[in-house]
Every structure is written in structure tokens, then in C-alpha cells.
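The following questions and answers take a reader through one molecular model, step by step. Please keep the sequence and the structure in view while reading.

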Amino acid sequence: MPEHTSNSYVASGQRTVRMECAAIAALEGRIDGGFAHACEILLQVRGRVIVTGMGKSGHIATKIAATLASTGTPAFFVHPGEASHGDIGMITADDAVIALSNSGRSPEVITLLPLLKRQGIPLVSMTGDAASPLAEASDAHLDTGVATEACPLNLAPTSSTTTALVMGDALAIALLEARGFTAEDFAFSHPGGTLGKKLLLKVADVMHTGASVPRVHRSTVLSEALLEISRKGLGMTTVSGDNGELLGIFTDGDLRRALDDSIDVRRTPIETLMTCDAKTAAPGMLAAEALRIMEENEITSLVVLDESGHMLGVIHLMNLLHAGIA
């Protein structure tokens, strides 16, 4: 085994990056009419986009299918070897196929061609050889060929798989833009992610309601109001009028100011100490918007009101923290 030094490792890694960057840069000139035709084929599909490939191309195909599916183009991966043993049934006449093969001659992929043609299924290929059987059988061919692999033996798929991956991303993004796919659409396909939570979670989903909402009447003395604040654990209480309408809130900040003024906690009614212009939220407001209001006003809770001004609940900063919004 030849000896290596830190410098040789670094030089090898940098050379690989340069070679793959050059391979990717060469793709830009191949985004042409053929690419546009491939996009048109995939946009017209009534079913799903099936992505297939063997070996390392198969791994790239799996990622491309996942990217398409998460950006508005229903797609999944089918292993070409398994397709020849029954999984071809996953592909219907309403679907389209994207097939990856650097040589364009992978036997497992080529075996599928007569079956796809017989069903009239549109085929988009990504190969490094426009004269290969797969490329010639395709309705649209995307050239992902490279001058040489980053592998010094020019054997291990490296630059070629990178270009195929980037071409797949280019397809996915072009289709995303053509469909008018929005951030909210993205959130629906990523409900467990941070973006999904920010774009989908509403105030009504996380607010305190019913008996968990701290409430006192306007005539309640401060000492009793403090007991309500302590029981409910939100660091505040709402203050209601005779008909249950919201008049204001009393928070720990109001308490500090009251104590500074030497207020008699057993005799002073809460209505003389409350904050009247409380910040509020609507139940249909995005939880992320509620967080923004809290941050801008340096507060930790909002009273939630319906359209008629009736109090529905309270949303607290801790609710947003637990929901992964903050």
C-alpha cells in the first residue's frame, strides 16, 4: 500500500471536488429543448413518475423520486430487477418513467423497454451515451455524461452519479416552478418538519382553553388574582367584565409595578392594575405569527378572541416551544 500524508489526502479530496464541479458546470449547456420536452412529458402525466436505475444509478434514482414527490410531482422508485419479477405491475398506463443508466445499456433497465413501449408509457432517460439503446428508445433523453469519473481508475461511478443527481434536481425545480408550487404546498408534504409546523400549525391547535385559562372578575382583589395565576401556571390572568367579556389582562410585569407602588394586595381590585390594551390573536392565525407578535412586544402570551371579540383561550410562549415553533 502506498504511503499517504495529510497533504496527499487533501490534494485527492480537492481534485475530486474540482472534477465533479467541472462535470456539473458542463450540464448547464445541455439544459436545452430536450430538457424542456422532458418537463412537458412529466407535467402531462396523469399518474405518477416512476424513477428507476440499477446499482449506483438506482441510489440516485431513489433520491430523485423523493425530491420530485416532495416538490409537487408524485413519484416513487421501482427497482428494475424487481420490476422484471412482478413489480412492473406498479407502473400503469397513466404513469411516466425516468430511467437512469450511465452506459444506457444496463440489462435490467433495457429489459423493461418492450414492456413500457407496449403500454405506451412515456420514457425520459438520463445516460452518458446518446447512441445507447436506452437513449434511443426514450421520448426525451437527458445527457448526463462526463469526460471522466473522479475515480482515478475511471471506474467507480462518481462524477457521473453527481451529474445525474443534479439533472434530477433541475427537473424537479423546473416542474415545481411550472406547477406554481408554494411554500405552503411544501409544508403539506413535510408536516413533521420545522417549515411544515410553521406553515400549518394554527393558534387554535396549541392554545389553552376551558378551565386551563386563567380568569378573574374585574372586582377580584389582587391577592385572589395571584392565586389564580399560580393555579393556572401561565404567569398571567385574563380579567373579565360582568358579562364575561375581556377587559384586560394582568401579568407578572403588572405585579412588579404594583409592588413597587406599595399596593395593598388584599384590598386593591384587579381592574385598577390590569393592562387594558392586551395583545390578542385569532384562532385561525398561524402559530408562527403569534410568536412574531410576542417577540415584537416582548410578551409571553396572547388572549385568543373570535370574530365577535368573545374570549376563546390563551396561547403562551411555552405552547409554541413545545410545538417546535419557537
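Helices (H or I, at least four residues) and strands (E, at least two) are DSSP runs, numbered from the N terminus. Residues are numbered from 1 along each chain as its sequence is written, and side-chain values use heavy atoms, with hydrogens and water left out. The model is predicted: local features need pLDDT of at least 70 and side-chain atom pairs count only at pLDDT 80 or more, whereas totals for chains, interfaces and linings use all residues.

Q: What is the order of the strands in the open sheet of 5 strands?
A: Two strands pair if DSSP finds at least two bridges between them. In this open sheet the pairing is parallel. The order of its 5 strands is β2-β1-β3-β4-β5.

Q: Why is one side of β2 and of β5 left without a neighbour in the sheet?
A: β2 (75–77) and β5 (140–143) stand at the edges of the sheet. One side of each is left without a neighbour because each has a single partner strand.

Q: Which residue in β5 stands opposite Met126?
A: Strand β4 (residues 123–127) runs parallel to β5, and 4 bridges join them. Opposite Met126 in β5 stands Leu142.

Q: At about what angle does helix α3 run to β1?
A: Axes are lines fitted to C-alpha atoms, for helices over the stretch in contact (heavy atoms within 4.5 Å). Angles run from 0 to 180 degrees between N-to-C directions. Helix α2 (residues 33–43) lies across β1 (49–53), β3 (96–100), β4 and β5, at about 130° to β5. Helix α3 (residues 56–70) lies across β1, β2, β3 and β4, and its angle to β1 is about 160°.

Q: Which element gives the most to the lining of the largest pocket?
A: A pocket is an open set of points on a 1 Å grid over the protein atoms alone, where a 1.4 Å probe fits, with protein on both sides within 12 Å along at least five of seven lines; lining residues have an atom within 4 Å of a point. The largest pocket is lined by 22 residues, of which Ile249, Thr251, Glu298, Ile299 and Thr300 lie nearest its centre. β8 (246–251), α13 (252–260) and β10 (301–305) are the elements that give two or more residues to this lining. With 5 residues, the element that gives the most is α13.

Q: How many residues line the second largest pocket?
A: Ser57, Ser101, Asn102, Ser160 and Thr161 lie nearest the centre of this pocket. Both α3 and α8 (159–179) supply at least two residues of its lining. The number of residues in the lining is 14.

Q: How many of the residues of β10 are buried?
A: Buried means under 20% relative accessible area, exposed over 50%, and partly exposed in between (1.4 Å probe, protein chains only). Ser301, Val303 and Leu305 on one side of β10 and Leu302 and Val304 on the other are all buried. Strand β10 is therefore largely enclosed by the rest of the structure, the count of its buried residues being 5 of the 5.

Q: What is the relative accessible area of Met274?
A: Met274 is found in the loop between α13 and β9. Leaving aside neighbours within four places in sequence, Met274 is in contact with Val239, Leu247, Gly248, Ile249 and Phe250. Val239 is 35 residues from Met274 in sequence and 7.5 Å away in space, C-alpha to C-alpha. Met274 is buried, with a relative accessible area of 14%.
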